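Here are my notes on this one, jotted down while going through the model. Have the structure open as you read.

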Amino acid sequence: MIRVIIVDDETYSLKWLETLLRQIPEFEIAGMFTNPLEALERIPVIEADALLVDIEMPLMNGVELAAKVKGTGLQTVFVTGHAQFAVDAYRLEVSDYLMKPITKEMLEGLLKRLKRLKPIFTSSYIEEKASQPSISNSLMKITCFGVFQTETGSGEMVKWPTRKTEELFAYLLTKRNSVVNRWVLADLLWPEQIGQRSMHNLYNAIYRLRKTAEQYALPLTIELINDGYKLSLGPNVYCDVCMFLDTLDNVHTLKERMAHVQTIHRGSLFDDKDYAWAADIRAMFDVYYDDQIDLK
């Protein structure tokens, strides 16, 4: 059985490919997308063997999408009506290249090639994952009060690819273990943009955040749940804002709570950042802190 993901911005082409694939029992459709950014967002959580992708698409073309999913264990197949893109296919070492209009016979031939290559791609992916650094037993450290910074378990400072990637991480930390609607995130981080443009930026920021977590072997996950995202931190993580909230919720004696709060609170939340959305949250934490001091 070969599980495939189809990406084509033309609904007719997508449906035609779906119809043909369903006529071949050894193919199973794992996902279908007309928006390549949505496909990029969901591919990490879909169990599939191959990606069948059109090349000429808005927002992100098939060549860009193929480059971003390279190394995930997916066999990529370009499906297009333009022969000049064959060079890109060979450059990216994609598994195959199909010219439109697609026929059932073409897909039957593709099936044979994908089945032959499947063990190679699977073993290569396993070897690549095995060669990646494992999560350190030392604590990853996230400081949000005062200077906002993230350190790996080995003490290396995390360098975020863009400011918006870091800002997205910061906001999700304040909502840890909660699902945040993606439109809410898009509006908060890109208030000057509307519609698909802001969603495009969000998809890219989520992708970069996941890639950064993978690069530094950070013990965290970002899940797509229904129409939102949830950040979860692993056990080997020290996060001061998380500890602060846990202290308010779980430490019941005033003396212990005061000791914890004064140790954790080293300045205002994200004090070195100019996040527009942070003003109200920052004020809320300052009030929490002042209330504890007044109670002593």
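1. A term to settle before the helix packing: axes here are lines fitted to C-alpha atoms, for helices over the stretch in contact, and angles between N-to-C directions run from 0 to 180 degrees. Keep in mind, too, that this is a predicted model.

2. The overall picture: the protein chain has eleven helices and eleven strands. Of its 296 residues, 46% are buried. Among contacts with a separation of 6 or more, 61% link residues 24 or more positions apart. The accessible surface is about 15000 Å², and carbon and sulfur atoms account for 52% of that.

3. Now for one sheet. Three strands make up an open, antiparallel sheet, in the order 8-10-9. Strand 8 (179-181) and strand 9 (220-225) each have a single partner strand, so each edge strand has one side without a neighbour in the sheet. On average, neighbouring strands are turned by 25° against each other, direction ignored.

4. How many bridges join strand 9 to strand 10? There are six, and the two strands run antiparallel, with strand 10 covering residues 228-233. One pairing to look up is Ile225, whose bridge partner in strand 10 is Gly228.

5. Then the helices on this sheet. Helix 8 (residues 196-215) packs on the sheet and touches strand 9 and strand 10. The direction of helix 8 makes about 150° with that of strand 9. Helix 7 (residues 182-189) lies across strand 8 and strand 10, at about 65° to strand 8.

Conventions:
Residues are numbered from 1 along each chain as its sequence is written. This is a predicted model: local features need pLDDT of at least 70, side-chain atom pairs count only at pLDDT 80 or more; totals for chains, interfaces and linings use all residues. Side-chain values use heavy atoms; hydrogens and water are left out. Helices (H or I, at least four residues) and strands (E, at least two) are DSSP runs, numbered from the N terminus. Buried means under 20% relative accessible area, exposed over 50%, partly exposed in between (1.4 Å probe, protein chains only). Contact means heavy atoms within 4.5 Å. Accessible areas come from the Shrake-Rupley method with a 1.4 Å probe; for residues, only the protein chains shown count as cover. Two strands pair if DSSP finds at least two bridges between them.
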